[in-house]
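Me: I want to test the labels on this model, one at a time. Show it to me first, please.

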Amino acid sequence: MTSLMKKYYVTTPIYYVNSDPHIGTAYTTILADTAARYHKMLGEESFFLTGTDEHGDKIAQSAAKRGLAPKEFVDQISEKFRALWPQLLVRPDRFIRTTDEQHKLVVQQVLQRLHEKGDTYFGEYEGLYCTGCERFRTEKELVDGKCPDHGTEPERIKESNYFFRMSRYQQWWLDYINANPEVIRPERYRNEVLGFLREPLEDLCISRPKSRLTWGIELPFDKNYVTYVWFDALLNYLSGIDYGDGDTWGAWWAECEHLIAKDILKPHGVYWPIMLHAADFPIFQHLTVHGYWNFRDAKISKSSGKPVGTEPLLRVFGVDAVRYFLLREMVFGLDASFSVDAMVKRINSDLANDLGNLFSRVAKLIGDFFGGKIPPSCAPDTELLNVSRKLMSDAPDWVAEHKWNVLLEEVMQFVRATNRYFESSAPWSLVKSDMVAAGNVLYNCAEALRIAAVSLHPIMPGKMTELLSRMGEPIEKFEWTSAMKWGLARSGAAMQKGDALFPRIDEAALPALLPEFYTAQTDSKSPAPKSEVPLLDIEDFRKLELRSAVVTAAEKISGSDKLLKLQVDIGGAQRQIVAGVAQYYSPEQMIGKHIVVVANLKPAKLRGEISEGMLLAVKWDNELQVINLGEAVPPGSSIS
Ligand code: MSP
């Protein structure tokens, strides 16, 4: 039976399995997951497809490098992707692999159809092939003779192959975009595609001779050839909804949105719609394109040698905060810059301070004065009510247009308005004179927290489920317009403060926890910077005695704006250290830090004060962070 609910079908690119998942691939997948969750909450039925792209030269070469058969290799890496998604709270409805038998049948069926329609021909071709892109590049696309995306010289290949008559449909596609501009968005990428279409389109080479590559899907009309990897890969969007098996696929296909980054705009914005049209399929609803996540001005990618794994970030910040940061920080369509500093600032200010603290303070007062039960409500606060109503009506448009930064900023404005209301109403002192009024303030704050949690749930499903359950809210399923109505928090329900929802992150501890994000330069493409420092013999290094220590007291040194005088405990023994950290840390901030000390330095006098060691810190640009080991490390431990 087909359901009458409106449908939403969202896809990510299927990722190459020549290497592990990273922040970039995680981003598009989190984005698709969030969109699918919101659409569900908005009363639609959603289907979210992701998967892995497993054929082609690149994969065959990676497998060979590791001494594995291609299938053995793709099974291993594909599994890494599949296993990562639950850790990112990503729940695809299907994980497709291009090595799935059902997918292969769909590819062969479509190829056969194009062949029978006369949209393919056999001919000789000579061109410049980039293995990184898995496509021929035109001379014009190269920069200094190299692929602009991979920095490698493409290989000149001359061979007989099958071609798809793409040029036949160039004018049709141009007219279609002009009549339906929203089919490619944002506008800058639509313009880029229109730019491709201003030049004459070359026909697309859609095969590879088996004499050169066997790792692919065989052409149904010539067993000496396999199909070109992009032709195979793009069709996952149809096989993923079971095209060819019954007729449910059609209703999903009619509501399809593809999410990609700008790197694969040409295959999606030119080849794919033309393939669809030639094979008599309708066109997707939207091709929605985002920019790159960069790290120190270069695109994060598996080949860049940059720190790119999500695992350390999940370990240190938690999955909900990672999802929040990625969606909050990128302005859709533009590039965004990834840094641990930006992430900490965002998490500490939005999540720990604004949202987490509000929850703790409200729950604490409800615990102290109302027996831990949400008090009765008398009247909503007009400002909060209006802001929540506006959020309820605006958010669906922002979801549809992927304006995640705007949506999140609006939710945070609402949270900040609630903080101001809490501060100015001062319920902690109102309880002394008017319990009913104080109860009403706390009810309104609890209700605002509930509404904020509902609207943030698709982005932070873990923590928002926790927040709601700490206020006795069932969370199985929300329906936007009813869940966002003011007044649903239940008076009398238990409100439990619990531990901080988003513990504040200690910035100083991060260089030790995430060293890969702090090291000066890890770009494998650029040569290692020449060191000015003489090379040390290992024996010289062993002479250093590095120990953990805890700072027990700290004070400024009069007459110096750079130095602090620290008393440190290095495992029972007390030492005094004069450290040049006063421009970065106040004495109070230093107390309690678990630091690393060079313990066998000859004592020296600085500004008249004896210094019996040195502490270790990381310095870059205009920043300095003392290496903080964290409380688990006992003072006096030797560091090797
Ligand atoms: N296999 C093809 C896609 C075939 S789809 C029919 C492919 N795979 S890929 O592994 O290279 O993935 C590219 C996609 O990964 C990008 O379009 C984007 O979704 C995501 N990203 C990879 N690096 C990224 C960034 N640094 N920033 C943002 N997105 C990133 O191309």
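Me: What makes aspartate 263 a polar contact of the ligand?

Reply: A polar side-chain atom of aspartate 263 lies 2.8 Å from an oxygen atom of the ligand. A polar contact is a pair of N or O atoms within 3.5 Å (within protein, one must be able to donate a hydrogen and the other to accept it, and residues adjacent in sequence count only if both atoms are side-chain atoms). The 2.8 Å pair is within 3.5 Å, so it counts. This is a predicted model: local features need pLDDT of at least 70, side-chain atom pairs need 80 or more, and totals for chains, interfaces and linings use all residues. Residues are numbered from 1 along each chain as its sequence is written, and side-chain values use heavy atoms, without hydrogens or water.

Me: Which backbone atoms make such contacts with a nitrogen atom of the ligand?

Reply: A polar backbone atom of isoleucine 14 is 2.8 Å from a ligand nitrogen. A backbone N or O atom of isoleucine 300 also lies 2.8 Å from a nitrogen atom of the ligand. Alone, the ligand exposes 670 Å², and the protein buries 96% of that (Shrake-Rupley areas, 1.4 Å probe; for residues, only the protein chains shown count as cover).

Me: How many residues surround the ligand, and which are the closest?

Reply: 25 residues surround the ligand (each has a heavy atom within 4 Å). The closest are Ile14, Thr28, Asp53, Asp263 and Ile300. β1 (7–16) gives the most to this shell, with four residues. The elements giving two or more are β1, α1, α7 (229–234) and α8 (236–239). Helices (H or I, at least four residues) and strands (E, at least two) are DSSP runs numbered from the N terminus. By class, the shell has 13 nonpolar, eight polar and four charged residues. Nonpolar means Ala, Val, Leu, Ile, Met, Phe, Trp, Tyr, Cys or Pro; charged means Asp, Glu, Lys or Arg; the others, Gly among them, are polar.

Me: Where does the ligand sit?

Reply: The space taken by the ligand is the largest pocket (more than half of its atoms lie within 2 Å of the grid points). A pocket is an open set of points on a 1 Å grid over the protein atoms alone, with protein on both sides within 12 Å along at least five of seven lines; a cavity is a set where a 1.4 Å probe fits but cannot get out; lining residues have an atom within 4 Å of a point. The largest pocket holds about 1,400 Å³. Of its 50 lining residues, the closest to the centre are Lys58, His150, Lys299, Ser301 and Lys302. The lining divides into 19 nonpolar, 20 polar and 11 charged residues.

Me: What is the volume of the second largest pocket, and what lines it?

Reply: About 600 Å³ (the space filled by probe spheres set on grid points joined across faces, edges and corners). It has 25 lining residues, with Arg137, Thr138, Glu141, Glu202 and Lys266 closest to its centre. The classes are 11 nonpolar, three polar and 11 charged.

Me: How many cavities are there, and what lines the largest?

Reply: Three of 30 Å³ or more. The largest has a volume of about 40 Å³. Its lining is Asp33, Ala36, Arg37, Lys40, Ser46, Phe48, Arg91 and Asp93. α1 (23–41) gives the most, with four residues. Five of the lining residues are charged, two nonpolar and one polar.

Me: What makes proline 186 and alanine 426 stand out in the backbone?

Reply: Most residues other than glycine have a negative phi, and most peptide bonds are trans. The bond from arginine 185 to proline 186 is cis, with omega near -10°. Proline 186 is in the loop between β7 (184–185) and α6 (187–198). Alanine 426 has a positive phi of about 40° although it is not a glycine. Alanine 426 is in the loop between α15 (404–425) and α16 (427–433).
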